[in-house]
Amino acid sequence: PVQIKEELHDQQALTTIRQMMMQRYKRRSKCTDNPQRPGFLALHPVFPNKHEMIETFKRHITETPRLTKDANGYYKTTGIFQGIARSKAFEITTFIVILINVLGITIDLDYNHDLSLSAAQLIFTVVTYMFCAFFVAELFIRFMAFKNKLNWIWDPWCVFDSIIVALMLFEVFVQSMQVHHLRLLRGLRLFRLFRMARLFKFIPELLTVVRGMTSALRAIAVITMFESVLIYFCGVGFRILLEGTALGKKRFDTVIAAMSTLLLDCTLSGAKGTGLIREAYEEGFFFAFCLLFFVLLSGVTTMGVLTGLLVQTVKTHADVEKEEQIMLR
């Protein structure tokens with residue numbers, strides 16, 4: 001009877017433990033399933049999920065179909081303007097002019113030393129007005145091709161092009177006036193950098209790379225944090241190990257100097273700390289071995305993981321965009 005009581009007591013204890021574990025599991029499941037209760041387990045994944053991105057896009061199409069519609073879907077079916085806006089020749093011509101305009105920024109900055117158009121050489125003034133006239137005409141043709149003009153605001157590229165053209169006209173207007181504030185004129189030149197963004201419209205592969213890098217920011221931040229902790233830990237270690245040596249006085253005099261040496265000469269340098277390892281070998285084999293281990297861990301392994309992460313993220317976005325194009329058709 002005593003043995004039977006002990007077995008029953010053990011079974012009751014096991015049953016109690018199982019019930020406690022099930023209750024804890026249910027609490028964690030509620031924490032992850034309820035989006036309104038952001039717990040530790042409810043954090044977003046570090047790496048982008050292809051299937052979740054496709055499901056999100058499907059819901060986006062259902063809820064806001066206007067934002068996923070292409071500009072050609074808003075065009076008229078008849079008329080001169082819609083025919084020009086839909087033509088391939090118009091698209092290629094616009095791309096060539098944008099490319100020439102982007103490349104012409106270099107020539108204008110290097111050879112046009114007059115900030116005001118009224119004082120600049122005639123060739124620069126004429127070319128600037130020609131670019132303005134073309135982009136205004138291109139925007140007018142696309143606007144007139146819309147069946148409902150209010151749908152212009154639902155196309156992101158149309159809104160973006162309108163802002164770029166408005167900034168260009170404002171820059172030309174200010175440069176045409178006798179403005180003596182040189183700092184203002186130099187600041188307006190920075191607006192020209194935004195014109196390069198129009199290339200993403202005609203080269204979607206560039207936009208895919210940018211979207212992939214944007215979605216990988218959290219993972220990049222995690223790897224950067226790990227790299228920073230590793231450099232700090234090893235910087236303190238090398239500061240202590242090389243104290244009193246010639247190399248320590250030269251490269252590892254302080255913790256900040258040690259971290260800078262490890263970051264610039266070992267992690268980011270193309271030589272991967274080769275010269276620094278040879279200098280450490282003159283102080284002792286152990287110092288050179290420690291630096292080599294740091295280079296293999298920080299400069300090779302971690303940077304390789306970061307490169308692979310970016311490649312995989314861009315590939316995921318490329319696959320998702322292919323699925324999106326299929327669904328839009």
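This passage looks at the cysteines, a loop residue and a surface patch of a predicted model.

A good place to start is with the cysteines. A search of the whole structure turns up zero disulfides. Cys-234 and Cys-290 help to show what lies behind this result. For the sulfur of Cys-234, the closest cysteine sulfur belongs to Cys-290 and lies 9.0 Å away, which is too far for a bond. Seen from the other side, the closest cysteine sulfur to that of Cys-290 is the one in Cys-234. A disulfide calls for two cysteine sulfur atoms within 2.5 Å, so the 9.0 Å between these two sulfurs rules out a bond. Cys-234 counts as buried, with a relative accessibility of 15%, and Cys-290 also counts as buried, at 18%.

Attention now turns to a loop. Asn-112 sits in the stretch between helix H4 (88–111) and helix H5 (122–145). Is Asn-112 buried or exposed? With 6% relative accessibility, Asn-112 counts as buried, because the cut-off for that label is under 20%. Along the chain, Asn-112 and Phe-124 are 12 residues apart, while 7.3 Å separates their C-alpha atoms.

The surface offers a further feature to find in the structure. Ile-153, Trp-154, Val-159 and Ile-163 make a nonpolar surface patch of about 350 Å². One of these residues, Val-159, belongs to helix H6, which covers residues 156–176. The relative accessible area of Val-159 is 30%, and this residue is therefore described as partly exposed, a label used between the buried limit of 20% and the exposed limit of 50%.

Technical notes: Residues numbered from 1 in each chain as written. Predicted model: local features only at pLDDT ≥ 70, side-chain atom pairs only at ≥ 80, totals over all residues. Heavy atoms only, no water. Patch = residues over 30% accessible without salt bridge, like charges linked within 9 Å, V, L, I, M, F, W, Y side chains within 5 Å. Areas by Shrake-Rupley, 256 points an atom, 1.4 Å probe, with all protein chains shown as cover. Salt bridge = Lys/Arg side-chain N within 4 Å of Asp/Glu carboxyl O. Helix = DSSP H or I, 4+ residues; strand = E, 2+ residues; numbered from the N terminus. Buried < 20%, exposed > 50% of the residue type's maximum accessible area, 1.4 Å probe, protein only.
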